[in-house]
Amino acid sequence: MKVLAINGSPKENGSTASALRFMAETLAGAGIETEIAHIGKGPVQGCTGCNGCDETRDGKCIYNDNINAAFDKLNAADGLILGAPTYYGGIAGGAKSAFDRLFYMGADLKGKPAAAITVARRSGGEDTFHQLNSYLTLSGAVIAPSTYWNVIHGNSGEEIMRDTEGVRILRCVCESMAWLLNIIHAAKNSVPFPEMKRDAWMNFIR
Ligand SMILES: Cc1cc2nc3c(=O)[nH]c(=O)nc-3n(C[C@H](O)[C@H](O)[C@H](O)COP(=O)(O)O)c2cc1C
């Protein structure tokens, strides 16, 4: 079983990367493989709402960059970790642009365990965590629980590993994700995930 861990930070080796590497190691200890995909580097094109992913490119975004590659990886993965730093009390801009496009394409997360994590130097992490969870809960993901909200504190990869409570929270998320992966894998033929159709679509027009 394989988990995709997406790093939305502009920094390939920053705090979020360090948190995701720790999670990958923890999951490896439970027999789960993790691939880390860094999609926050450089200028990231945001979603323009053109609906091209719906109409022209077999579900892919018209901006054919690493977000399309991440989309394929996500659909093939058994689980997801969505990681981003906190900027001004919310998801860092590049990560937000990337995730808007990834999820507007209709990433298939139905019945897959998933977790959001964020890194903040000091405060605003809870808002970011709840924003990140919004992508997961409307995509059919099964949220891996922990003992607190998944915010780890620090300004560098080295600092966050000294947030002992944050590290423990990440370890708990990984343990519950491995547990969910094993349960879902064992039960997938006998207890299928509901179809969850999205066929009642209205815009509150009276
Ligand atoms: C533009 C910008 C805005 C930030 N805003 C916040 C913030 O609102 N709250 C906070 O605690 N830290 C904030 N930080 C600090 C980052 O969250 C922190 O450095 C984090 O470790 C960066 O993760 P990364 O190395 O994965 O990019 C901000 C950093 C930048 C560059």
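Visitor: At roughly what angle do the axes of helix 4 and helix 5 cross?
Guide: This is a predicted model, where local features need pLDDT of at least 70, side-chain atom pairs count only at pLDDT 80 or more, and totals for chains, interfaces and linings use all residues. Residues are numbered from 1 along each chain as its sequence is written, and side-chain values use heavy atoms, without hydrogens and water. Helix 4 covers residues 93–104 and helix 5 residues 125–137 (helices are DSSP runs of H or I, at least four residues; strands are runs of E, at least two). Their axes (lines fitted to C-alpha atoms over the stretch in contact, with angles from 0 to 180 degrees between N-to-C directions) come within 10 Å and cross at roughly 15 degrees.

Visitor: Are helix 4 and helix 5 roughly parallel or antiparallel to each other?
Guide: Angles under 35 degrees count as roughly parallel, and these axes cross at roughly 15 degrees. Helix 4 and helix 5 are therefore roughly parallel.

Visitor: On to the ligand! Which strand gives the largest share of its shell?
Guide: The ligand is surrounded by 17 residues (a heavy atom within 4 Å). Helix 1, strand 3 and strand 5 each supply at least two of the shell residues. The largest share, three residues, belongs to strand 3.

Visitor: How much of the ligand's area does the protein bury?
Guide: Among the polar contacts (N or O atom pairs within 3.5 Å), a ligand oxygen lies 2.6 Å from a side-chain N or O atom of Ser-9, and another pairing, with the backbone of Gly-154, is at 2.8 Å. Alone, the ligand exposes 640 Å² (Shrake-Rupley, 1.4 Å probe), and the share buried by the protein is 78%.

Definitions and conventions
A polar contact is a pair of N or O atoms within 3.5 Å; within protein, one must be able to donate a hydrogen and the other to accept it, and residues adjacent in sequence count only if both atoms are side-chain atoms. Angles under 35 degrees count as roughly parallel, over 145 as roughly antiparallel, 65 to 115 as roughly perpendicular and the rest as oblique.
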